[in-house]
Amino acid sequence: MDVVSDAISAVRVGRPSSDRVRDGGRWCARLAPYEGAGFHIVLRGDCWLLPDGGEPVALGAGDAVLLPHGTGHVIADAPADAETVARAVPFARWADGSLPRPPRPAPRARDAETARDAETAREAGTAREVEMLCGKYRLDRRHTHPLLAELPPLVHLPARDGAHPELRAAIGLLEGELDERRPGASLALPSLLDLLFVYMIRSWTAESTTGTWPAALGDPATAAALRALHSDPAAPWTIDRLAAEAGVSRPTLARRFTTLVGRPPMAYLTWWRLTRAAALLRSTEAPLATVARHVGYASPYALSHAFRREFGTTPGRYRDATVTPG
């Protein structure tokens, strides 16, 4: 596998969920903080997203938003003041369309012109309905890969001509599955939602100019070393072999890898092997000897010793304490 795929698979649990919602009046809905990642795709119309503790974000048709740390937030037809936000209805009750809409949100001063335009449109009967795809991914954050930990609270991927073609294609496929419920949709839909998650993270790594991990994946030597380690973590890697794989000298690889990733190559390999072991213990019933071989340890004893040193518990106790959602 590769870094992004492994980073996601190490924390993903269960199946993603999604709702397709439509509204056209005055509305304001709250999503509480969530132990996972949330997303919104605006299919038609426009709306506002107000993250807890953050600035309002205007969303238009085609925009995608990822909240990778499950940040609580409000989505609404227009900017809203604190009082209106406090009265926002729970998302699940709003999405089923059975609730009366809250009073008109009061705009903040700097959003007054936008809000007045929206109000004028409503009074004239020209306000557009908004249609969105909203969903969540369940994540076990106990052993989050640093690439995911580095993601900002909100990743906004606005629709722009020629930008994120893979993401746009995935959104189009998702919309088709939601519309028609074709045979096999129960398998296709969660698979497309997983693909959407990958594409949103990939888009962030391609565009970010400040993150450590986008820089690591953009450095040829470091990226080559990471690909090698993630493609076969159980291999008998040494720093010399890894440097040869990356096409640089041992000191060069050690310096660049440590600077960009935050730990030396072999320390990263040890951490990743144990993280993979934790994921296997959580999601499978494989014997400890099988898990040990899969992640590059010669014996269950060697894995247990390293696992306890890293996580403060034995593999058996970790497995017993872990409940894997169905």
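Rings of Phe, Tyr and Trp (its six-membered ring) pair if their centres lie within 6.5 Å, and such a pair is stacked with planes under 30 degrees apart, edge-to-face over 60 and tilted for the rest. With that in hand, select Trp 213, Phe 257, Tyr 268, Trp 271 and Trp 272: ring pairs link them into a cluster.

Before moving on, a word on what is loaded. This is a predicted model, in which local features need pLDDT of at least 70 and side-chain atom pairs count only at pLDDT 80 or more, while totals for chains, interfaces and linings use all residues. Residues are numbered from 1 along each chain as its sequence is written, and side-chain values use heavy atoms, with hydrogens and water left out.

**The whole chain**

Colour by secondary structure and you should find 15 helices and 10 strands. Helices here are DSSP runs (H or I, at least four residues), as are strands (E, at least two), numbered from the N terminus. Of the 326 residues in the chain, 49% are buried; that word means under 20% relative accessible area, with exposed over 50% and partly exposed in between (1.4 Å probe, protein chains only). Contacts (heavy atoms within 4.5 Å) reach far along the sequence: among those with a separation of 6 or more, 74% are between residues 24 or more positions apart.

**More rings**

How many aromatic pairs does the structure hold? There are 10. Select Trp 27 and Trp 94 for a stacked one, 4.8 Å centre to centre with 20° between the planes. Trp 27 is in the loop between strand 1 (17–23) and strand 2 (28–31), and Trp 94 is in helix 3 (residues 91–95), so to display this pair you join positions 67 residues apart. Both Trp 27 and Trp 94 are buried.

Now go to Phe 307 and Tyr 318. Their ring centres are 5.5 Å apart and the planes are at 70°, so this pair is edge-to-face. Phe 307 belongs to helix 14 and Tyr 318 to helix 15 (residues 315–321), 11 residues apart. Phe 307 is buried at 0% relative accessibility, and Tyr 318 is buried too, at 6%.

For a ring with a charge instead, pick Trp 237 and Arg 241. The charged end of Arg 241 sits over the ring of Trp 237, 4.3 Å from its centre. The test is that NZ of Lys or CZ of Arg is within 6 Å of the ring centre and within 35 degrees of the ring normal.

**Around helix 14**

Stay with helix 14 (residues 300–311) and add helix 13 (residues 288–295): their axes come within 8 Å and cross at roughly 75°. That makes helix 13 roughly perpendicular to helix 14. Axes are lines fitted to C-alpha atoms, for helices over the stretch in contact, and angles run from 0 to 180 degrees between N-to-C directions. Under 35 degrees counts as roughly parallel, over 145 as roughly antiparallel, 65 to 115 as roughly perpendicular and the rest as oblique.

Show side chains for Leu 288, Ala 289, Val 291, Ala 292 and Val 295 on helix 13, and for Pro 300, Leu 303 and Ser 304 on helix 14; these make the contact. They divide into seven nonpolar, one polar and no charged. The classes are Ala, Val, Leu, Ile, Met, Phe, Trp, Tyr, Cys and Pro as nonpolar, Asp, Glu, Lys and Arg as charged, and the others, Gly among them, as polar.

Next, bring in helix 12 (residues 265–283), which packs on helix 14 at about 100° with the axes 10 Å apart. Helix 12 and helix 14 are therefore roughly perpendicular as well. Helix 12 contributes Trp 271, Leu 274, Thr 275, Ala 277, Ala 278 and Leu 281, and helix 14 contributes Leu 303, Ala 306, Phe 307, Glu 310 and Phe 311. This contact divides into nine nonpolar, one polar and one charged.

**Single residues to click on**

Tyr 137 lies in strand 9 (residues 130–138) and is buried, with a relative accessible area of 0%. Beyond neighbours within four places in sequence, its contacts include Arg 12, Tyr 34, Phe 39 and Met 200. Leu 193 is 56 residues from Tyr 137 along the chain, with 8.7 Å between the C-alpha atoms.

Is His 164 buried or exposed? His 164 is buried, at 10% relative accessibility. Find it in the loop between strand 10 (155–157) and helix 6 (165–180), then check the backbone: phi is near 55°, a positive value in a residue other than glycine.

Last stop is Ala 149 in helix 5 (residues 146–149), partly exposed at 49%. Leaving aside neighbours within four places, Ala 149 touches His 69 and Thr 144.
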